[in-house]
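Here is a short report on a strand arrangement and two lysines. Look at the sequence and the structure first.

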Amino acid sequence: MSNKQSWRKKIKEKILNGGYEEYKGLSVCKINDFYPLMNGKIKYQVHSYFYSNLFDDIEEALDKFFEIRRKIR
């Protein structure tokens, strides 16, 4: 397992356990842990000053989080 995969796995576990990950104003979290959603579906949010979106799938949310994170290094 590479360092990238292990880092991604750690972040995924952190989010699934009610936490979030933040980097220079960019964050990813399970939004249900912070706000109750009316439809009851689990949603993951990737948010920054210039981007915000909800995802049904944690893998899609993590893909977007790392894509944006690479751009703001």
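The text below covers the sheet, then a strand pair, then the two lysines.

**The sheet**

This is a predicted model. Its 4 strands form an open sheet. The order is E1-E2-E3-E4, and the pairing is antiparallel. Strand E1 (20–23) and strand E4 (52–55) are the edge strands, and each pairs on one side only. From one strand to the next, the twist averages 10 degrees.

**The E3 and E4 pair**

Strand E3 spans residues 44–47. E3 and E4 pair in the antiparallel sense over 4 bridges. Gln-45 has Leu-54, in E4, as its bridge partner.

**Two lysines**

Lys-30 belongs to strand E2, which covers residues 26–30. Lys-24 sits in the loop between E1 and E2. Are these lysines buried or exposed? The table gives the values.

| Residue | Relative accessible area | Class |
|---|---|---|
| Lys-30 | 15% | buried |
| Lys-24 | 57% | exposed |

Lys-30 counts as buried because its relative accessible area of 15% falls under 20%. Lys-24 counts as exposed because its 57% relative accessibility is over 50%.

Which residues does Lys-30 touch, not counting residues up to four places away in sequence? They are Ile-15, Leu-16, Ile-42, Lys-43 and Tyr-44.

The backbone of Lys-24 deserves a look too. Lys-24 is not a glycine, yet its phi is positive, at about 45 degrees.

Technical notes
Residues numbered from 1 in each chain as written. Predicted model: local features only at pLDDT ≥ 70, side-chain atom pairs only at ≥ 80, totals over all residues. Heavy atoms only, no water. Buried < 20%, exposed > 50% of the residue type's maximum accessible area, 1.4 Å probe, protein only. Contact = heavy atoms within 4.5 Å. Pairing = 2+ DSSP bridges. Axes fitted to C-alpha atoms, helices over the stretch in contact; angles between N-to-C directions.
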